[in-house]
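User: I am new to this structure and would like a close look at one part of it. Please take me through the nonpolar parts, beginning with the chain that gives the setting.

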Amino acid sequence: MSAKQILTTLMMVLALIVVGSTTMAADMPEQVSLDTMVELFEAVEFDHDMHSELGEDCSVCHHHTTGTGTTDDRCISCHANSDELETVACINCHVSDPFSSEHLSRESQEIYQFHIDRPGLKAAYHWNCIGCHEEMDGPTGCEDCHARTPEGDEFYHKDATGSADEGGHH
Amino acid sequence: MSGISRRKFLAASVAVGAATTLGGTKKALAAGSFSGYPNSMGVLVDLTRCIGCRSCEAACNKEQKLPDPNLPFDDMSVFDQTFHHGTQKRRTDESAYTVVNRYTPEGSEPIYRKVQCNHCAEPACLSSCFVNAYTKTKEGAVIYDGSVCVGCRNCMIACPFNVPAYSYSSAFGAVVKKCIFCHETRLKDGLPPACVEICPQEALTFGKRKDLLKIGHQRIQTHPGRYIDRVYGEKELGGTHWMYLSPIPVEEVGFDPRPGNEPIISHVKEFLGVVPMVLAIWPALFTGFHLLAKNQEGHGDHEHDTEHQHDEEGGQQ
Amino acid sequence: MKSLVELGVKPVDSLINERNDKRWSLMEKLFLGLSPGQYLGQALRNPFNWILGLIFAVGLPLILYRFIFGLGAITHASNDYPWGLFLGFGLFCMVPLSASGFMLGTTVEIFGRHDFHPIERLALLNGLLGYFFAVVYLMVDLGQPWRLPYPMFWSFGPAAVLFLVAWHVATYLSVQIAEVSVAFFEWMDWLGGKRFIRRITIGLTVSGIILSTLHQGALGALFNYAPGKVHPLWYSASFQWIHFFVSAIPAGLCMVIVVSTIIKKTMAWRCDDGFLDSLDRCTLGIAKGAAMGLITYLVIKFIGVAHDNEWAYLATGWGAWFLFEMFVGVLLPLVLFAYAIRHQVASLARWGAAFTVLGIVLNRLNTALITFNWKLYQEIPHIFEFIVALTVFAIYITTYRFILYRLPILYSWKEQPQEALAPEAVKAAPASTTVSPANAVYRKID
């Protein structure tokens with residue numbers, strides 16, 4: 001399966017999650033399956049319930065989209081009183097293929113002044129998760145959250161055993 | 001200069017410029033300057049985002065079908081490797097087209113910098129290659145054709161970033177090796193390079209170079225204190241297609257802080273301009289000298305007049 | 001060989017064997033008119049041959065090793081230091097030291113200074129062999145030497161300085177082969193070829209000047225690709241090519257003095273009186289030219305420092321090294337030349353020439369290797385790299401000597417027509433040579 005195919009499949013999977021969560025009344029999902037990198041890492045089962053109990057306020061993760069206001073200096077000038085959006089899933093704004101030519105050409109037709117630099121889904125997750133985990137002593141190592149698949153082991157050349165001081169270097 | 005002649009002059013230069021552009025030349029030739037293909041792609045590397053996971057190295061290795069590494073790509077001990085009496089960190093070579101190095105400025109968190117070809121707008125390697133092995137593609141990549149590489153290694157001398165490597169271990173197929181922006185397998189089909197796609201932190205932002213510049217400056221503006229006010233590669237060496245945002249002065253992460261804004265080819269243009277002049281002037285000049293000397297010979301007193309040597313030497317310099 | 005000559009053996013220097021009035025055969029010419037036994041005997045008696053043999057015994061297998069296991073196996077050439085001794089010495093030093101061909105060619109043919117004729121052929125040969133072996137060094141160094149013709153016929157990179165070097169060295173090699181072929185044609189008795197070359201001499205010489213100006217300069221301009229890597233004192237943004245070109249002038253001239261000095265000491269039997277008697281005069285004349293070149297070089301080197309405002313670097317360690325190079329390689333020979341010319345002491349001029357040659361070698365090594373990557377770290381070539389470089393140099397010396405032994409470079413060839421028409425005149429030739437050596441030799445060859 002090529003990377004592109006993987007991406008398309010993943011987009012569809014995530015789209016289903018999103019559709020599922022929004023049509024299930026405006027309630028929050030209990031569990032979100034994060035599986036953008038399933039080729040190399042097992043999907044992460046994100047415990048949304050647990051995290052939402054920890055967070056004081058939805059905007060910590062969801063910016064202004066849940067209608068709870070935002071405290072970020074850079075957002076507040078426009079979004080202090082923004083209403084709740086129709087859908088609040090990450091993938092609605094943070095696409096899983098931020099660098100595909102389709103997305104880039106879509107972006108280039110937008111006339112945003114500020115949102116020209118939105119991170120993709122993977123980065124949005126990682127920044128959000130790792131940033132908070134560092135503050136709150138949550139897990140931060142790659143495999144603390146993602147179990148690596150055999151393909152992942154191969155990808156990282158788990159079994160390579162050379163001496164450190166001759167890293168194929170001239 | 002009168003108005004008319006100036007207008008004519010301008011028209012002529014525009015015509016020449018248009019001819020060069022329309023002619024589809026891929027090379028930055030000695031005359032004129034090349035500001036890059038308008039919609040070519042680039043990557044903005046944000047050093048504040050990189051966490052040193054080395055996934056980009058692994059992705060590059062797989063995509064480019066490079067030899068197996070000596071150490072796993074999740075082995076972080078490579079950051080402690082130094083070479084040449086501790087003066088050098090890891091660099092790109094024939095089996096690694098990209099490497100990540102760690103820099104630890106005093107009193108701050110470590111900063112990681114990914115090294116790969118920066119894909120200059122006017123590449124030094126390209127302009128130094130005497131078999132025209134290099135091409136700057138309209139997508140922005142600097143690629144090369146190993147099948148014509150003679151192995152002179154002039155491009156390695158010329159590259160201001162010390163990027164091209166050479167397969168020294170090979171006796172019969174020794175050619176230059178470097179990052180090609182995944183041009184063949186991805187970029188030309190509109191896909192980002194493998195390293196960009198794998199990056200968990202989006203430390204690598206792929207896009208049109210002109211958009212990346214906007215993004216870069218916006219990040220600096222909207223995050224006061226996070227970055228130094230410089231998009232390294234925007235102007236440096238004529239502009240590069242891989243550019244860097246750094247939280248600390250670039251020399252502290254191993255860059256030349258003042259490489260100049262001129263592309264490397266400008267440094268040889270002066271000499272290249274001399275060539276046609278020598279070709280045009282020398283024949284007449286020296287044939288003239290010969291005729292003068294012959295004439296003098298006719299008067300027959302040159303034989304013991306060794307003082308002439310002075311003038312002759314002087315004349316040739 | 002010296003001892004054989006003392007015993008009355010006369011090496012081939014004419015078309016006809018005086019002993020039997022027959023033409024020398026090619027084999028006889030190759031053996032210098034000696035019997036194979038005599039030839040082998042003299043070769044074995046020469047201790048220098050044993051040294052060469054030792055170098056070949058070690059070096060030739062190493063060259064083979066390089067072509068089996070790659071450059072990485074015998075050199076310290078690396079991704080940071082792509083060019084090692086083979087180019088640093090072989091290309092960047094051999095080429096300026098071979099500027100002699102075009103310098104003496106110009107002096108004699110263009111400026112009509114026929115008083116330098118006795119040494120012109122040596123200068124031309126020195127040029128030819130220097131270039132040829134620069135290419136040999138290049139072949140050892142290139143990743144895929146069999147692709148060397150690519151820039152000529154296959155894939156063109158005309159905007160590259162190296163493209164210029166490749167084309168000019170190739171064409172100049174042909175020009176030099178043509179120039180030196182006169183001696184070969186005499187030796188082979190192919191007078192038609194000789195006449196043809198004499199007819200196009202001026203054209204050849206002028207193209208020699210053009211090509212030399214450009215590729216000597218181009219070798220310097222190659223470093224303009226690395227403005228941040230060569231130390232500023234050895235790098236000049238505007239004058240790099242002219243520094244290389246101007247320094248090539250004394251380099252080539254002094255190389256002829258050095259080679260002729262070695263010849264005088266070791267190969268006097270091969271030289272005729274025309275050569276030996278005019279050598280001191282020619283040496284001093286060439287020294288004058290070299291001195292003019294050196295003083296110009298010194299001035300423009302410091303103009304280079306001033307132009308890029310690099311004075312502050314002179315106070316550093318690199319600055320001391322730069323001043324050392326300037327002192328030993330430029331100033332000292334200038335003083336020696338000045339004294340030698342004023343007091344007509346050829347031996348002092350020879351010392352001056354030796355220092356000049358050393359100075360140029362040091363300059364090129366400094367630019368290409370020693371100060372290259374001055375911001376990174378210092379690389380010292382692999383011991384095998386030294387040995388291979390020495391081996392190629394030994395092949396150069398062997399080839400040089402092989403040709404000097406045989407072709408009429410150091411002596412003038414006695415041709416049949418002159419002997420047949422006026423045997424008396426030929427016999428009287430030595431006498432006239434002593435009176436006006438330059439003239440006599442010149443007329444005889446023409």
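Analyst: This is a predicted model, and a fitting place to begin is chain B, whose secondary structure comes to 8 helices and 10 strands. Of the 317 residues in chain B, 54% are buried, and among its contacts between residues at least 6 apart in sequence, 60% join residues at least 24 apart. The area that chain B exposes is about 13500 Å², with 58% of it supplied by carbon and sulfur atoms.

Turning to the interior, the largest nonpolar core holds 219 residues, and those that touch the most other members are Phe92(C), Leu122(C), Val161(C) and Phe337(C). Helix α10 of chain C, which covers residues 161-188, gives this core its largest share, 17 residues. Leaving aside residues up to four places away in sequence, Val161(C) touches Val268(B), Phe271(B) and Leu272(B) in chain B, and Ala218(C), Ala221(C), Leu222(C) and Tyr225(C) in chain C. Apart from this core lies another, of 10 residues, including Phe155(A), Tyr156(A), Cys182(B) and Ala194(B).

Nonpolar side chains also appear on the surface, where Leu64(C), Tyr65(C), Ile68(C) and Phe69(C) form a patch with about 410 Å² of accessible area together. Within this patch, Phe69(C) belongs to helix α4 of chain C, which spans residues 47-69. Phe69(C) counts as partly exposed because its relative accessibility is 46%, and partly exposed residues are those between the buried limit of under 20% and the exposed limit of over 50%.

Technical notes
Residues are numbered from 1 along each chain as its sequence is written. Chains are lettered from A and ligands numbered from 1 in the order in which they are written. This is a predicted model: local features need pLDDT of at least 70, side-chain atom pairs count only at pLDDT 80 or more; totals for chains, interfaces and linings use all residues. Side-chain values use heavy atoms; hydrogens and water are left out. A nonpolar core is a set of buried Ala, Val, Leu, Ile, Met, Phe, Trp, Tyr and Cys residues joined through side-chain atoms within 4.5 Å. Buried means under 20% relative accessible area, exposed over 50%, partly exposed in between (1.4 Å probe, protein chains only). Helices (H or I, at least four residues) and strands (E, at least two) are DSSP runs, numbered from the N terminus. Contact means heavy atoms within 4.5 Å. Patches are made of residues with over 30% relative accessible area and no salt bridge: like charges are joined within 9 Å, nonpolar side chains (Val, Leu, Ile, Met, Phe, Trp, Tyr) within 5 Å. Accessible areas come from the Shrake-Rupley method with a 1.4 Å probe; for residues, only the protein chains shown count as cover. A salt bridge is a side-chain nitrogen of Lys or Arg within 4 Å of a carboxyl oxygen of Asp or Glu.
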